[in-house]
Amino acid sequence: MTEERGASVFERGVCWSTSEGPTVEDQYASSGYGIGTYSVVVTNLECETLYYVRAYARNANGVGYGEQKSFTTGECPAELPTVTTAAIAGITQTGAQGAGRDRTTGAGM
């Protein structure tokens, strides 16, 4: 069965926003068509941010939405150091010498 209320479901998925009442006019990820259970993976979210999300299904009659849920993403990871690689020197048949510099602290080389 691929119909809901007499019309085929041709798209379904999840939509999300940082504002209440997300719609497919906001961010969304689709998960095929038809009725039944489905899941999607939401990526590229901002850390430490409150998001509102709800499922949707689209048929010839329009878009229907499920109950709104919310979640807050986790803490931002610590900033990674910036590293520069120096020229390779002392090249032999079995080895070479290399170095790098952590530009965050200036350590190295």
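## Exercises on a predicted all-strand chain

Ser-17 touches Pro-22, Asp-26, Leu-50, Tyr-51 and Tyr-52, leaving aside residues up to four places away in sequence; contact means heavy atoms within 4.5 Å. This is a predicted model, where local features need pLDDT of at least 70, side-chain atom pairs count only at pLDDT 80 or more, and totals for chains, interfaces and linings use all residues. Residues are numbered from 1 along each chain as its sequence is written, and side-chain values use heavy atoms, without hydrogens and water.

**Exercise 1.** Place Ser-17: in which strand does it lie, and is it buried or exposed?

*Solution.*
- Step 1: Find the element. Ser-17 lies in strand β3. Strands (E, at least two residues) and helices (H or I, at least four) are DSSP runs, numbered from the N terminus.
- Step 2: Check the accessibility. Ser-17 has 12% and counts as buried. Buried means under 20% relative accessible area, exposed over 50%, partly exposed in between (1.4 Å probe, protein chains only).
- Step 3: Look at the side chain. One of its polar atoms lies 3.0 Å from the backbone nitrogen of Ser-19.

**Exercise 2.** Find the salt bridges: how many are there in the whole structure?

*Solution.*
- Step 1: Fix the rule. A salt bridge is a side-chain nitrogen of Lys or Arg within 4 Å of a carboxyl oxygen of Asp or Glu.
- Step 2: Count. The search finds 2.
- Step 3: Take Arg-58 and Glu-11. Their side chains meet at 2.8 Å, N to O. Arg-58 lies in β5 (residues 50-59) and Glu-11 in β3 (residues 11-17), so the pair ties together parts 47 residues apart in sequence. Arg-58 is partly exposed at 21%. Glu-11 is buried at 15%.
- Step 4: Take Glu-67 and Lys-69. Here the distance is 3.7 Å, N to O. Glu-67 is exposed at 61%, and Lys-69 is partly exposed at 46%.

**Exercise 3.** Which residues form the largest nonpolar core?

*Solution.*
- Step 1: Fix the rule. A nonpolar core is a set of buried Ala, Val, Leu, Ile, Met, Phe, Trp, Tyr and Cys residues joined through side-chain atoms within 4.5 Å.
- Step 2: List the 5 members: Val-14, Trp-16, Ala-29, Tyr-51 and Val-53. β3 and β5 each supply at least two of them.
- Step 3: Follow Ala-29. Among its contacts beyond four places in sequence are Val-14, Trp-16 and Val-40.

**Exercise 4.** Describe the whole chain: how many helices and strands are there?

*Solution.*
- Step 1: Count. The chain has 0 helices and 10 strands.
- Step 2: Add the burial. Of the 109 residues, 21% are buried.

Technical notes
Polar contact = N/O pair within 3.5 Å; in protein donor to acceptor, adjacent residues only side chain to side chain.
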